[in-house]
Amino acid sequence: MQTPATIALDRAGVEYSITEYDLPADASDYGASVVTALGLDATTVGKTLVATLDDGRSVLAVVPVSGMLDLKALARAAGAKRAAMADTDAAERLTGTVVGGIAPLGSRRPLDVFVDDGLTVGPVVHVSAGRRGAELSLSPADLVAAAGATVAPIAAGQER
């Protein structure tokens, strides 16, 4: 299976694996669905969210499924005053993928990526492969390098 995210990883020479899973038809919490379907630790699974900064930039924020995005922390990390969640239509238009399948790399439009530092402490991180029902597993260092990401404490509700 190829997606823009896997193509980006292949071009970067990054080693990864893809796991496909069945997503419940009534799923609305996609991160929890991944954790349940694959039996993963929620602190190692990243959800990729699209946010808009007060300076007009849109960015991707990757935080553990076990936490929430701290918009103030994201704004600080991005050098902005404020951040807000992008609406679903904007997120899908910017990334070229549907919510629940947004990957931290391979977006339709190049977007700055911010990864919560809590996702970088273990040997493996799991993120969307760029479509619902497909999850990438790779080293956090490889994710950060391939995405050109900034690592910062941007998740709320996480023990540090």
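**Exercise 1. Strand pairing and the sheet**

Task: In this predicted model, determine how strand E3 is joined to strand E6, and then place both strands in their sheet.

Solution. Step 1. Strand E3 covers residues 58-64 and strand E6 covers residues 112-116. The two strands run parallel and are joined by four bridges.

Step 2. One residue pair can be located in the structure: Leu-60 has Val-113 in E6 as its bridge partner.

Step 3. The sheet is open and has five strands in the order E5-E2-E3-E6-E9. Its pairing is mixed.

Step 4. The edges are held by strand E5 (83-85) and strand E9 (150-152). Each has a single partner strand, so one side of each is left without a neighbour in the sheet.

Step 5. On average, and with direction ignored, neighbouring strands of this sheet are turned by 35° against each other.

**Exercise 2. A helix across the sheet**

Task: Describe where helix H3 lies, which of its residues are buried, and what stands at its two ends.

Solution. Step 1. Helix H3 spans residues 71-78 and lies across E2, E3, E5, E6 and E9. Relative to E5, the helix runs at about 125°.

Step 2. The buried residues in H3 are Ala-73, Leu-74, Ala-75 and Ala-78. Among the elements that cover them are E2, E3, strand E4 (68-69), E5 and E6.

Step 3. At the N-terminal end, Asp-70 acts as a cap: one of its side-chain oxygens lies 3.1 Å from the backbone nitrogen of Lys-72.

Step 4. After H3 comes Gly-79, which has a positive phi near 75°.

**Exercise 3. The nonpolar cores**

Task: Identify the residues with the most contacts inside the largest nonpolar core, and state which elements supply at least two residues of this core.

Solution. Step 1. In soluble globular proteins, nonpolar side chains tend to be buried together.

Step 2. The largest nonpolar core here has 27 residues, and the most contacts inside it belong to Val-50, Val-113, Val-127, Leu-136 and Leu-138.

Step 3. At least two residues of this core come from each of H1 (4-12), E3, H4 (88-95), E6, E7 (125-128), E8 (134-138) and H5 (140-147).

Step 4. Leu-136 serves as an example: apart from residues up to four places away in sequence, the residues it touches include Ala-5, Leu-9, Ile-18, Val-125 and Val-127.

Step 5. A second, separate core has 16 residues, including Ala-51, Val-63, Ala-152 and Ala-155.

**Exercise 4. Two residues compared**

Task: Classify Ser-137 and Ala-146 as buried, partly exposed or exposed, and describe the surroundings of each.

Solution. Step 1. Ser-137 lies in strand E8. Its relative accessible area is 15%, and a residue under 20% counts as buried, so Ser-137 is buried.

Step 2. The side chains of Ser-137 and His-126 are joined by a polar contact of 2.7 Å. Neighbours within four places in sequence set aside, Ser-137 is in contact with Tyr-16, Ser-17, Val-124, Val-125 and His-126.

Step 3. Ala-146 lies in helix H5. Its relative accessibility is 28%, so Ala-146 counts as partly exposed.

Step 4. Ala-146 touches Leu-9, Ala-12, Val-14 and Leu-105, with residues up to four places away in sequence not counted. Between Ala-146 and Ala-8 there are 7.4 Å in space, C-alpha to C-alpha, although they are 138 residues apart in sequence.

Conventions
Residues are numbered from 1 along each chain as its sequence is written. This is a predicted model: local features need pLDDT of at least 70, side-chain atom pairs count only at pLDDT 80 or more; totals for chains, interfaces and linings use all residues. Side-chain values use heavy atoms; hydrogens and water are left out. Two strands pair if DSSP finds at least two bridges between them. Axes are lines fitted to C-alpha atoms, for helices over the stretch in contact, and angles run from 0 to 180 degrees between N-to-C directions. Contact means heavy atoms within 4.5 Å. A nonpolar core is a set of buried Ala, Val, Leu, Ile, Met, Phe, Trp, Tyr and Cys residues joined through side-chain atoms within 4.5 Å. Buried means under 20% relative accessible area, exposed over 50%, partly exposed in between (1.4 Å probe, protein chains only). A polar contact is a pair of N or O atoms within 3.5 Å; within protein, one must be able to donate a hydrogen and the other to accept it, and residues adjacent in sequence count only if both atoms are side-chain atoms.
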